[in-house]
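Biologist: I am still learning to read structures, and I would like a close look at a single part of this one. Could you take me through chain B, and then show me how its surroundings join up with it?

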Amino acid sequence: MKKYSGGFKVYPINGHFVDVRSEEEYPTEILIEDGEIKHALETPSSGIFIRILKNNRWFMTSTVKEQDIKAKIRELDELSGYSHKETLNLEELLNPIKESVIKYELLNPSKINLSDKIELLKEYESTIKKYKEIETYRILYNDKYLLKRIKNSIGTDVEYDKAVCGFTIDFRMRKNKNTFSGRFSLGNNAIEHLKHNENRLIEYLQEAKEFLSAKPIKSGIYRTILSEAVAGLLIHEALGHRAESDFIISQEDNTIEWPVGKRVANRGVNIVDFGGMPASSGYSPFDDEGFLARKTYLIKDGLLNSKLHSLTTASQSNEEPTGNARAIDAEHEPIVRMTNTFIESGKVSFKDMMSDIKEGIYIKTVDHCFGISTYILVPQMAYLIRNGKLREPVKISSIKGSIFKTLRNIEDISNDFKLIFNVQDGCNKVNQKDLSVGFGGAKVKIKKIRVE
Amino acid sequence: MIEKYQRLINELVIVIKNSDIYSIKKNEIIRRTVRLFGKGKIAISASKGNVGFATIIKEVEKNIKYGQCYNYNMPDDSVVHHYFNIKKQVSSDKEFIKFVSILFEKIRSKFPDYIFLNSIKRSVIEKNISIRDKSDLLIKYHIINFTILFKHKDSKNIFDGILPYIKTDLFDADIYIDKIGEIIKALNNPSSLNKFDFPIALMNINNTFIGKKIRDYIVGENYHKGNSILSGMQCKTIFNENINMFDVSYYPEKAVFNIFDDELFIRENYYLPIIENGVLSNLLYDRRTANIYKQDPTGNGIKPEYNKFPQTSANALLFRVNDQDEIPKKVIVPFIFYEGNIDSNGMFSAPCPLAFLMEDGKFTSVLPQLYITGNIFDLFGKNFIGMGNKYFADSHINPFMYSRANIVKLH
């Protein structure tokens, strides 16, 4: 099945740094809408991305054949030609490593028949069909086996594989004039783990039915608890993107936008990005420049800490690379991206978090969230908390705020931990869409948040 | 019956960071898709990279049993071959890189306090669809996307300004720099306004979140399923009687090149009227939905991605220019809209992190972050003032549209 031997050699050209990344991917997608299979697709692809660094500029191209690599490097060397002072020294930052982390071959979902995958979805579909309130639904299944190898001209040679699979059921329920649009998702490394979870779906649908009679909340400022999924997405969108160094472009004084050491939250608030967690959708043991994944604290004990870097941004800022240079496929260059971004657990149980709230809100699931620094979050399932107890479901149109104000208002962090395994909703940045990332962590309690 | 689809893109991408060339990428991107029609079902298979059609056909034959049902007509057996070559004179890679280098040298010296960034892309795109090896459509065109973002070197924002440019040919560098200068002058002059009781001027409504929602509302299937706020309003007056809106499939001057859709449908009229004098006159259909709702296809069967079935999608929405309208002298221009919500009654709300005050057609000052709310039927109805004949960017398909909404400070 392997398309590339990985035997290609990578040498410097005229003294310039070169790196080459080969990728093979074997994805499947199945879409079922209101009882009809809309498509069942297997679209294997492969490609090789090539870069040379010359005169402080990257020259890049891609090919599909291993034997074309040498010629492509020569072409790139000829394409350059505008002189520029060389200041980037990647060799100083990169310790060449040779390592192979192939561990998902046995779980490779592309070896499982399409008919078995459809059968799996049909089982969940039969549960959906039992609910007369559901007027329309859509089941989207995706899996992928990915094989990557990264080599460079200073001796790095790493390879790894990754397997992900999962599905999302989007549906709309109706009772008279009231509707509720919900989403149930499952994701894992192994298809086996997607089976026999119908009870979780039933539980979710029963809960969703309660929202058909939910009343809109009165706008105002509330003490609010965000679930792992909601807090994780908020952190990803509003803080994580801000931490990506290629977004922070000021060349004069980088500390303006990310003043390291500044207190932005209470003690005990730790926010991390780490690609090295195997059972996660953001798993990336090496980034696409061959740099080993490492745990990067964006916020450590309430203080602003490290940004996320590629080799280039680290070199420009005189900081360490963080293993966050990632590309969506072999046609694209690595740019600074998150992997798994999460809030580390605290010490309080969910029950205790609610205990001193007279009137507040628990936001359990989110429809979407956007905005960097200033954010708008549109909840899906939210509950009123009254006198320390979780009460009736409520409708919330949106919550909005500034991430740094929200961080300062974090009162408590729960003692549980849940990383959301995202198979469908990837991260979008510039023209590179749907990159696999993970987010989540613990629940957070926020002193005041504007709810509408 | 087999339909073969191929999209070939040769692109040169120049990434600008810190007002200079950061990287240069040369890519050949190939996407191939096969749709197999047989026994009442259509299956699809596709590939990224240079995978031959024979391999993809084998794949799709294997999966035909999982295809979607179809009972509508594809083009008949008559032989149709159309080749549309709209490729302009393409500069060499080195010439293009040199143009960009020189332009940014000028920009750096003219605006030393500002940092410029984004990707500049020059693409030659070739799309080919054939069916039964008899009907065969091919279009080849050339696009330059020179949209640039910029920010003050001390700004805490991701960016402060943007100058969009998507066209088939390069521009005059001095005019481009002047336009940047106008925005920067306004950025350097923050407004002290606290009340925002001015009309709004929406730039190229097609690209705003409101335009994107309208694109969904006029999709026939959404309309008939009750998923559009316009459902049940066909042939009724929905907007101001001065509003005429078209779905435009081919407008090369504005880089719209859908002469044929992804189901081999060539429109007789590239300008399909959707709203005529405020009345919702037509909706959009691909071949499948046209069959379901007993309508004619409108040439809007467009693949959302190379490996997906075509589905109904608008091309570009063009609002007819009416330069007879009196244009307000002082207006608020929402420059960047975040994605906002529109509810089932047409109420919308959206944060606007960047807005300018425009006086006599010139940006004069930057406004604080705003929050804009209103009702879409009022925006295009009783509050509608008119379409101007002034375009913010030469590449925009629509000029400024003037109306009224509720505007407050975001914080």
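Modeller: What follows is a walk through chain B, from its overall form to its details, and then across to chain A.

Please keep in mind from the start that this is a predicted model, and that the values below are computed from it. Chain B holds seven helices and 28 strands, and its C-alpha trace spans about 70 × 55 × 35 Å along its principal axes. A compact globule of 411 residues would have a radius of gyration near 22 Å, and chain B has 23 Å, which agrees. Of these 411 residues, 42% count as buried. If we take the contacts in chain B between residues at least 6 apart in sequence, 68% of them join residues that are at least 24 apart.

The chain can next be read as domains. The assignment for chain B gives domain 1, covering 2–187, and domain 2, covering 189–411, and the centres of these two domains, taken over C-alpha atoms, are separated by 23 Å. Where the two domains of chain B meet, 32 residues of domain 1 are in contact with 23 residues of domain 2. On the domain 1 side of chain B, the elements that give two or more residues include strand S1 (2–17), strand S7 (135–145) and helix H3 (173–187). By class, that side of domain 1 of chain B has 22 nonpolar, four polar and six charged residues.

Within chain B, helix H4 rewards a slower look. This helix covers residues 209–217, and B:Ile210, B:Gly211, B:Ile214, B:Arg215 and B:Tyr217 are buried in it. Seen down the axis of H4(B), these buried residues fall within an arc of 160°, so they line one face of the helix. It helps to remember that an α-helix has 3.6 residues a turn, so residues three or four places apart point the same way. What covers the buried residues of H4(B) includes helix H5 (220–224), strand S19 (316–319), strand S22 (347–352) and helix H7 (376–379) of chain B.

One of those covering elements, S22(B), also belongs to a sheet. This is an open sheet of four strands in chain B, with the order S21-S22-S25-S28 and antiparallel pairing. Its edge strands are S21 (341–342) and S28 (406–409) of chain B, each of which pairs on one side only. At one end of the order, strand S25 (residues 370–375) of chain B and S28(B) pair in the antiparallel sense over four bridges, and among the residues involved, B:Thr373 has B:Asn406 in S28(B) as its bridge partner. As background, strands of a sheet pair through backbone hydrogen bonds, either parallel or antiparallel.

We can now turn to the place where chain B meets its neighbour. Here 38 residues of chain B are in contact with 38 residues of chain A. The elements that give two or more residues to this side of chain B are strand S2 (20–38), strand S3 (41–48), strand S4 (68–69), helix H2 (93–110) and strand S6 (114–131). S2(B) gives the most, with eight residues, and by class this side of chain B has 15 nonpolar, 13 polar and 10 charged residues. S2(B) also pairs with a strand of the other chain, for S4(A) and S2(B) pair in the parallel sense over four bridges; in S2(B), the bridge partner of A:Met60 is B:Lys25.

Following S4(A) takes us into chain A, which is divided into domain 1 (17–213) and domain 2 (216–451). The contact between these two domains of chain A takes 36 residues from domain 1 and 28 residues from domain 2. S4 (57–63) of chain A is among the elements that each supply at least two residues to the domain 1 side of this contact. S7(A) gives the most to that side, with seven residues, and the residues there divide into 17 nonpolar, 13 polar and six charged.

A last stop in chain A is strand S10 (residues 220–226), which is mostly covered, as five of its seven residues are buried. S10(A) pairs in the antiparallel sense over six bridges with strand S26 (residues 444–451) of chain A, where A:Gly220 stands opposite A:Val451. S10(A) also pairs in the parallel sense over four bridges with strand S17 (residues 359–370) of chain A, and here A:Leu226 stands opposite A:Ile363.

How values were computed:
Residues are numbered from 1 along each chain as its sequence is written. Chains are lettered from A and ligands numbered from 1 in the order in which they are written. This is a predicted model: local features need pLDDT of at least 70, side-chain atom pairs count only at pLDDT 80 or more; totals for chains, interfaces and linings use all residues. Domain bounds come from an automatic or database domain assignment. Two residues are in contact if their C-beta atoms, placed from the backbone, lie within 7 Å. Ala, Val, Leu, Ile, Met, Phe, Trp, Tyr, Cys and Pro count as nonpolar, Asp, Glu, Lys and Arg as charged, and the others, Gly among them, as polar. A residue is buried if 20 or more other C-beta atoms lie within 10 Å of its own, exposed if 12 or fewer, and partly exposed in between; C-beta atoms are placed from the backbone. The arc is that of the directions from the helix axis to the C-beta atoms. Two strands pair if DSSP finds at least two bridges between them. The radius of gyration is taken over C-alpha atoms; the globule rule is 2.2 Å times the number of residues to the power 0.38.
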